[in-house]
Amino acid sequence: MDTQDFIYGINGPVVTVRNSHSFSMMEMVFVGNERLVGEVIGVSDEKTTIQVYEETTGLRPGEPVYGTGSPMNVTLGPGLLNNIFDGIERPLKEIAKQSGSFISRGSSVPSLDENREWDVTITVKPGDKLKGGAVYAECQETPAVRHKCMVPPVVSGTVAKVQPNGKYHVNDTVAELKDDTGTVHKLTLCQKWPIRVPRPVLQHKQPTIPLITGQRVIDTLFPISKGGTAAIPGGFGTGKTMTQHQLAKWCDADIIIYVGCGERGNEMSQVLDEFSELIDPKSGRPMTDRTILIANTSNMPVAAREASIYTGITLGEYYRDMGYHVALMADSTSRWAEALREISGRLEEMPAEEGFPAYLPSRLAEFYERAGMSETLNGATGSVTIIGAVSPQGSDFSEPVTQNTKRFTRCFWALDKNLAYARHYPAINWMQSYSEYFTDLDPWYEEHEGKEFITYRKEINKILQQENKLMEIVKLIGSDVLPDDQKLTIETARVIRVGFLQQNAFHKEDTYVPLEKQKLMMKVILHLYKKSKQLISASVPISSIIHTGLFDKLIKMKYDIPNDKPEMFDDYMKDIDDKLAGIVSA
């Protein structure tokens with residue numbers, strides 16, 4: 001270690017050192033005799049302020065503080081997948097073996113298993129010129145993911161020496177790179193990267209490919225792109241975590257990173273249980289083969305909660321640089337903002353709205369701006385999609401975290417407690433939610449699903465908007481006074497709400513629905529609507545159409561038609577035509 005000073009004051013997770021000029025801003029430090037991990041967050045002539053990422057109970061003035069000379073960083077290399085870390089990338093499985101269920105303070109277990117051997121293929125030879133991001137070795141990290149070891153972005157030079165293909169540990173040197181100044185850089189299977197610094201890319205690309213989630217309300221009405229950003233705001237019990245679980249399980253990203261930021265311990269244990277049992281529909285292997293979990297529960301030190309989402313996004317950028325599409329679930333950014341507020345209060349900073357620090361918007365922007373579809377330094381295309389849950393107190397969407405999150409995300413999936421209490425899941429309110437990705441994604445939908453997909457979506461949306469206006473009248477004077485064509489709109493909207501937007505996460509055919517089935521479901525619903533409208537205009541009463549049972553039959557089609565039998569929709573279309581023709585002939 002480079003430097004050593006002594007503690008002067010302790011205020012919760014905030015520690016001060018007096019008259020020290022040996023630390024630099026954002027430097028990683030070790031605090032006290034137990035060497036607790038900390039980060040320098042303030043430097044002045046008089047004092048240095050340190051944020052400690054572990055419990056400070058029992059820490060005393062006069063104990064030493066050791067500087068490292070480097071910023072707060074994480075280790076990147078094979079072994080990250082199928083692992084569980086805390087907010088500062090300490091492996092919880094390994095710590096549990098040493099200290100049981102609770103993390104002992106000052107645990108210094110390496111982030112990656114240093115004893116495990118990886119079967120490595122070297123992809124370069126002496127004399128090759130390499131720039132930052134170039135791949136020099138590969139290994140099979142899990143059966144689902146091929147890990148590519150890349151030259152750190154800040155390093156370039158000529159390959160001077162390589163090792164033969166074979167088995168290596170993460171810290172073994174597999175190649176040597178000599179730069180223009182003659183300095184030799186030893187390339188191992190891993191590298192370190194500061195968590196608050198975005199990893200560089202060659203260029204940012206327009207997000208033009210949707211992230212397919214298999215959730216109808218999202219894929220059809222409020223789509224998100226790969227490399228996009230979305231917020232899921234909702235009060236307690238509205239299903240934020242459940243919605244994120246569904247997205248993590250079924251979205252078509254290559255890598256899933258789930259950050260449990262300040263969540264209850266039993267929720268995180270549920271995540272761990274579910275993911276360990278889940279089979280990946282792509283590979284038929286366990287879902288954990290392509291998942292990283294960062295568990296930072298509400299009883300863990302508050303400062304580590306603040307670091308956890310930066311740790312998660314840095315791991316995401318690392319896999320993006322390999323050319324993978326990464327989906328990051330942050331649950332929940334409100335708990336992260338509360339950690340900011342608590343630390344800000346300890347630092348005696350001037351509070352802004354609702355006690356949050358004035359820099360809350362810029363911190364949220366820093367986080368969400370790290371999403372995107374990019375051309376990486378090695379010419380591959382990768383993306384990081386960020387889906388952040390927000391937990392506004394009392395479901396008040398006007399509070400600062402929700403409002404500022406709206407500024408930096410282009411998808412807003414507003415969860416409604418009334419829908420949740422009515423057991424309508426996902427409880428995404430179709431009147432309050434929006435997506436700004438239609439312009440970017442419509443060409444893709446047109447190419448892969450046809451123009452009619454976009455047409456159906458607009459018509460479905462129009463019916464829901466009309467129903468919303470009609471329900472205001474119904475609340476005042478009842479539905480009996482409405483003309484038949486408006487009653488038809490309300491009846492069709494009920495089919496859309498219950499039969500299409502509502503989805504059962506525990507039903508094998510309904511938990512994930514491919515786009516083709518989503519399109520055909522819309523087609524059948526709209527076919528019934530248009531045919532019924534023609535009959536009503538020919539003075540057939542709406543009651544006769546309802547008595548055919550077609551509306552109730554369409555509500556159940558999501559269960560009755562398997563995902564792999566789209567041809568069954570033709571039978572539904574024929575049934576609609578036959579039964580409605582029967583009314584006319586009668």
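Start by selecting Arg146, which sits in strand E13 (residues 145-150); strands here are DSSP runs of E with at least two residues, helices are runs of H or I with at least four, and both are numbered from the N terminus. Before going on, note that this is a predicted model, where local features need pLDDT of at least 70, side-chain atom pairs count only at pLDDT 80 or more, and totals for chains, interfaces and linings use all residues. Residues are numbered from 1 along each chain as its sequence is written, and side-chain values use heavy atoms, with hydrogens and water left out.

**Stop 1: around Arg146**

Is Arg146 buried or exposed? Neither quite: Arg146 is partly exposed, at a relative accessible area of 27%. The scale is buried under 20%, exposed over 50% and partly exposed in between, using a 1.4 Å probe and protein chains only. Now show what Arg146 touches: skipping residues up to four places away in sequence, you get Thr121, Glu138, Cys139, Gln140, Met322 and Tyr324. Contact means heavy atoms within 4.5 Å. For a distance label, pick the C-alpha atoms of Arg146 and Ala307: they are 28 Å apart, with their positions 161 residues apart along the chain.

**Stop 2: H5 against H6**

Next, select helix H5 (residues 302-321) and helix H6 (residues 333-346), whose axes come within 8 Å and cross at roughly 130°. The axes are lines fitted to C-alpha atoms, for helices over the stretch in contact, and angles run from 0 to 180 degrees between N-to-C directions. That angle makes H5 oblique to H6; under 35 degrees counts as roughly parallel, over 145 as roughly antiparallel, 65 to 115 as roughly perpendicular, and the rest as oblique. The H5 and H6 crossing is left-handed, that is, the near helix is turned anticlockwise from the far one by less than a right angle (clockwise would be right-handed).

Turn on side chains and you'll find Val302, Ala303, Arg305, Glu306, Ile309 and Tyr310 of H5 meeting Arg335, Trp336, Glu338, Ala339, Leu340, Glu342 and Ile343 of H6. By class, the contact of H5 with H6 has eight nonpolar, no polar and five charged residues. Here Ala, Val, Leu, Ile, Met, Phe, Trp, Tyr, Cys and Pro count as nonpolar, Asp, Glu, Lys and Arg as charged, and the others, Gly among them, as polar.

While you're here, click on Ser332, in the loop between strand E23 (325-331) and H6. The peptide bond from Asp331 to Ser332 is cis, with omega near 10°.

**Stop 3: the core around Trp413**

Which residues have the most contacts inside the largest nonpolar core? They are Ile387, Trp413, Leu554 and Met557, in a core of 77 residues. Helix H13 (residues 515-537) gives the most to this core, with 11 residues. A nonpolar core is a set of buried Ala, Val, Leu, Ile, Met, Phe, Trp, Tyr and Cys residues joined through side-chain atoms within 4.5 Å. Another core lies apart from the largest one, with 75 residues, including Val145, Ile195, Leu364 and Val390.

Centre on Trp413: beyond four places in sequence, the contacts of Trp413 include Ile218, Phe222, Ile224, Leu247, Ile387 and Ile428.

**Stop 4: the loop after H9**

Select Pro426, in the loop between helix H9 (417-421) and strand E27 (434-435). A cis peptide bond joins Tyr425 to Pro426, with omega about -10°. Met431 also lies in the loop between H9 and E27, and is partly exposed at 31% relative accessible area. Leaving out residues up to four places away, Met431 touches Leu464, Gln465 and Asn468.

**Stop 5: H10 against H11**

Move on to helix H10 (residues 438-449) and helix H11 (residues 451-477), which pack at about 125° with axes 6 Å apart. H10 is therefore oblique to H11. Phe438, Asp442, Tyr445, Glu446 and Glu449 of H10 meet Lys451, Glu452, Phe453, Ile454 and Arg457 of H11. By class, this contact of H10 with H11 has four nonpolar, no polar and six charged residues.

**Last stop: two loop residues**

Finish with Asn19, in the loop between strand E3 (14-18) and strand E4 (27-31). Asn19 has a positive phi of about 50° although it is not a glycine, and is exposed at 59% relative accessibility. Then jump to Ala538, in the loop between H13 and helix H14 (542-546), which is exposed at 53%.
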